[in-house]
Amino acid sequence: MVFSALVVTSALKGALSLVGTSLWLIPLLIAGLSYYRYDQLDPESRPIDKYPLYAEYDFVIVGAGSAGAVVANRLSEISKWNVLLLEAGPDENEVTDVPSLAAYLQLTKLDWKYKTEPTGRACLAMKGGRCNWPRGKVLGGSSVLNYMLYVRGNRHDYDYWESMGNPGWGYDQALYYFKKSEDNRNPYLQRSPYHSTGGYLTVQESPWKTPLVVAFVQAGTEMGYENRDINGQEQTGFMIAQGTIRRGSRCSTAKAFLRPIRLRRNIHTAMNSHVTRVLINPVTMKATGVEFVRDGRRQMVRARKEVILSAGAINSAQILMLSGVGPKEHLRHVGIPVIKDLRVGDNLQDHVGMGGLTFLIDKPVAIVQDRLQAAPVTMHYVANGRGPMTTLGGVEGYAFVNTKYANRSIDYPDIQLHMAPASINSDDGVQVRKILGITDQVYDTVYRPITNKDAWTIMPLLLRPRSRGTVRLRSSNPFHSPLIDANYFSDPMDIATLVEGAKIAIRVSEAKVFKQFGSRVHRIKLPGCKHLKFASDAYWECHIRHISMTIYHPVGTTKMGPSTDPTAVVDFRLKVHGIEGLRVIDASIMPTICSGNTNAPVIMIGEKGADLVKNDWLTVETARRSY
C-alpha cells in the first residue's frame, strides 16, 4: 500500500520538504491548511510538551502510538492518578494531516526507518534484499504514517486468542472495545449493531473516489462475493474502504485521543524522549521506572504503580531486552545482565503481500502524476477538504477472499486484496520506488516503459502467515536499530497461498465490468523471473519473492498467553510474566496476527488494556479503603 505518493505527486511534484526538496507548493499547502481550515478541523490545540517533569508518576507509558495514546487518555480519566506519556518522536505537522501524503512521510524524521535482514527468500527486488519497515516515530505513532484503513479482523481471530488461554479476549469482548472508540460517520453503518457513534476515533469513507473502485466492487459481485461491511457480521466480500479520517483529514490516535485531553492536569506528555530501558529491581523483580534521553540528557522517572510499554512490536521488544527481560542466551551474547528469561522478540508476524501487479487501462480515470493540476487540486483540498488528496493513501477498496486452501465452511478468508487506482509507474519513479527500495534494474526494466500511463493495481496479502520471525538487539546500545528477521516464506504454505491470491487478483481484473476500461495485465517480466512462463504459478511465486511487500503490520513479539506456555511473555491481563508493575499494551501482545489491517485492533487492545489496568488498581484501592 504505497500509493499515497501517486495521488498528489503532480500537485506537489515530489517537493515535500520532508524529503529534502523545496518547491513552492509545500509552503502554499501548509499556509493554506493553517489559514483556511486547520483550527476548524482541530478545535483542540496540540498536546503540551511538558517541562519539567515530576520525579514520580503513578503510571509511566512508553510510546504515544496507536495503543499508547489510547491508554494515556483512558488512565487519565481517573483524576487522582498522575500519568506520564513518553514519546521518542516529535508532534504531528500539517503535512501528516493530508491522507494522500502517507508515503511521503516514510524515510523522514517521523519514521524509525527500519529494514529487514536479507534471507534470500523474499524482498529480492529490493536493494540489498532488504524490505523497508517504516514505523512511526511521532506522537500518534504509526497511525500517523499508515494508510488509515479501518479493518477489525475476523471474529475467529479473537475467539482463537481466548482458546489459547486468554480469557476475556474473545470476539464479543473485542467488539465492545472496537465500538467504544468508534465515531462512524457513514450513514449506512451508523445504525448497525457492529458500529457506534460518539467515540474519539472518526471512521468514514474518503469523499473522493475513482470509477475503478466501483468496478472493483462490482467485479466481486460478478465473481459471487457480497458487497458488504467487512467489519460487520461476516468478513468475506468486497467493500469501498473505510478509514480513520475526519472531514478529509487524517484522524491519528494523537488527534483522536490526546488533543481533546490536553488540559487535563493529571497527564504530562514528553516528546523527543527516547526510552533506553525499564528500571527493574532484580531482588524484588518489580519495575520501578524508566530511563530515557531527552534533549541529549539522560533522565530517570519513577512509577508508583506501573510502567506500561506501548512502543510497538519492534520497540517494546527492544526495550524489554535492553532492560534484561528476554532470551537469556541472546542477552548474554550482547552483554546485558539477565533479569528474566522470556521469549521476547520471538513470534514476529507480518502481513506480507505481493506488490507491483499492474493493470493498464485506456481511459483516463486512474491517478497519474502528469494529469493532476497542482494548484487547483491543492487549493480544493485546503478550502473544502475534498478531492484526490483525501484518498486513503491511494487505497480505495479492499476484499477478503478464499483460496483453495481456505476453510469455506466458516467465514474465515485467507487472502485480503487491496485495490488502488495507480501503480508503481504512476509517479514517474519519484517516491514509490524509494519507499519500496526497488532496484534501478527492476524499475527501469518493468515500470519505466509505462511511466505516467493509466494503470491500477491489486495487492494480495496473506492474512494468517505460518512463518515466524524475530527481533533481536544489534548491541547493548539503545540507539542502535534492532535486527529484524521477518523470515517471510519460511513455511512453504505461505508462498503457495499467496500465489493463489495472485491468481484471484487476475480473475478480478478480468471481470466484465473492467472491459469498459480496456483493462489488461502489464506483461513485462521481472528481470529475475525472465526464465519462467508469465502468469504461471512458478512465475507468480518468483514475482512475490522479488516484490515482497510489508503491509506494515508487525505484531506478536511479546506474546500473550498463560504461564504454562513457554513462549508467552505477558498474561491475559497483559502483565509481563514474573515482573511486577510492568505491562505491555500494543500490537506485540497478539498471539497470532489478526486477519486484516492491524491499526483498529491495536486501538482495541489499548482500550481493553486500559480497562484491565483500571480494574486491577481500582479494585486494590477499594479493598484498602474497606480494610
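Which residue lies over the face of Trp112? Lys137 does, at 4.5 Å from the ring centre. This is a predicted model. A second charge sits elsewhere: the charged end of Lys608 is over the ring of Trp169, 5.1 Å from its centre.

Trp169 also has ring partners. Ring pairs join Trp169 with Tyr158, Trp161 and Phe178 in a cluster. Trp169 therefore appears twice in this account, under the charged end of Lys608 and within the ring cluster.

Now the ring pairs themselves. A pair of aromatic rings is described by the distance of the centres and the angle of the planes. The model holds 20 aromatic pairs. Take Tyr54 and Tyr57: their ring centres are 5.3 Å apart and their planes meet at 25°, so this pair is stacked. Stacking requires planes under 30 degrees apart. The two tyrosines have their own levels of exposure. Tyr54 is partly exposed, at 41% relative accessibility. Tyr57 is buried, at 1%.

Next come Phe216 and Phe238. Their ring centres lie 5.0 Å apart, with the planes at 50°, so the pair is tilted. Where do these two rings sit in the fold? Phe216 belongs to helix H7, residues 211–222. Phe238 belongs to strand S7, residues 237–240. The pair therefore ties together parts that are 22 residues apart in sequence. Are Phe216 and Phe238 buried or exposed? Phe216 is buried, with a relative accessible area of 0%. Phe238 is buried too, at 0% relative accessibility. Buried here means under 20% relative accessible area.

Notes:
Residues are numbered from 1 along each chain as its sequence is written. This is a predicted model: local features need pLDDT of at least 70, side-chain atom pairs count only at pLDDT 80 or more; totals for chains, interfaces and linings use all residues. Side-chain values use heavy atoms; hydrogens and water are left out. Rings of Phe, Tyr and Trp (its six-membered ring) pair if their centres lie within 6.5 Å; planes under 30 degrees apart count as stacked, over 60 as edge-to-face and the rest as tilted. Buried means under 20% relative accessible area, exposed over 50%, partly exposed in between (1.4 Å probe, protein chains only). Helices (H or I, at least four residues) and strands (E, at least two) are DSSP runs, numbered from the N terminus. A charge sits over a ring if NZ of Lys or CZ of Arg is within 6 Å of the ring centre and within 35 degrees of the ring normal.
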